[in-house]
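Visitor: I am new to this structure and would like a close look at a single part of it. Could you show it to me first?

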Amino acid sequence: MKLFQTYDSPFPTRVRLLLYAKGIEVEVIRPPGFGATAESTAEYLNVNPIGRVPALVLDDGRVLPESEVICEYLEDAYPTPSLRPVDPWEAAVTGDILIMFDATVVDVGVHGRPGGAVAAAGGVD
């Protein structure tokens with residue numbers, strides 16, 4: 001498998017942490033032309049039409065975009081060791097934490113301020 005990713009985004013980090021925890025080896029690749037001109041980015045769009053990182057290319061050539069989707073796939077495809085809580089309540093709480101993390105990272109990382117759903121829910125002082 002190949003993981004297209006950059007080190008300046010937290011979302012590929014989520015996938016790398018899961019890969020390391022499960023002992024899964026992949027080839028890590030910086031997307032060609034990522035973050036450069038529209039022409040050079042076109043090469044990566046052939047891999048991942050969404051154009052964002054991460055993207056996981058499976059051995060059969062299929063591509064999974066988005067860190068949450070990739071992590072769910074890897075957890076199902078490589079069930080041991082399991083990183084998903086068995087208890088449904090604990091699994092739901094874990095999912096909620098991930099959603100709050102994503103919202104906070106986007107609000108602070110992209111917009112430069114806390115806000116959005118996290119602030120509205122009282123999650124940010």
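Visitor: Which residues does Leu-58 touch, not counting residues up to four places away in sequence?

Guide: Happy to help! A word on the basis first: this is a predicted model, in which local features need pLDDT of at least 70, side-chain atom pairs count only at pLDDT 80 or more, and totals for chains, interfaces and linings use all residues. Residues are numbered from 1 along each chain as its sequence is written, and side-chain values use heavy atoms, with hydrogens and water left out.

Now to your residue. Leaving aside residues up to four places away in sequence, Leu-58 touches Met-1, Leu-64 and Tyr-73; contact means heavy atoms within 4.5 Å. Leu-58, Met-1 and Leu-64 also belong to the largest nonpolar core, which has 12 residues in all. Such a core is a set of buried Ala, Val, Leu, Ile, Met, Phe, Trp, Tyr and Cys residues joined through side-chain atoms within 4.5 Å. Buried means under 20% relative accessible area, exposed over 50%, and partly exposed in between (1.4 Å probe, protein chains only). The elements giving two or more residues to this core are α1 (10-22) and α3 (67-77). Helices (H or I, at least four residues) and strands (E, at least two) are DSSP runs, numbered from the N terminus. A second, separate core of six residues includes Phe-4, Ile-29, Ala-55 and Val-57.

Let us follow α3 a little further. Its buried residues are Ser-67, Ile-70, Cys-71, Leu-74 and Glu-75. Seen down the axis of α3, they fall within an arc of 130 degrees, so they line one face of the helix; the arc is that of the directions from the helix axis to the C-beta atoms. In general, an α-helix has 3.6 residues a turn, so residues three or four places apart point the same way. The buried residues of α3 pack against α1, β3 (55-57) and β4 (63-65).

There is also a salt bridge to visit here, meaning a side-chain nitrogen of Lys or Arg within 4 Å of a carboxyl oxygen of Asp or Glu. Arg-52 forms one with Glu-66, and their closest N and O atoms are 2.4 Å apart. Arg-52 sits in the loop between α2 (38-47) and β3, and Glu-66 in the loop between β4 and α3, so the pair ties together parts that are 14 residues apart in sequence. Arg-52 is partly exposed, at 48% relative accessibility, and Glu-66 is partly exposed as well, with a relative accessible area of 28%.
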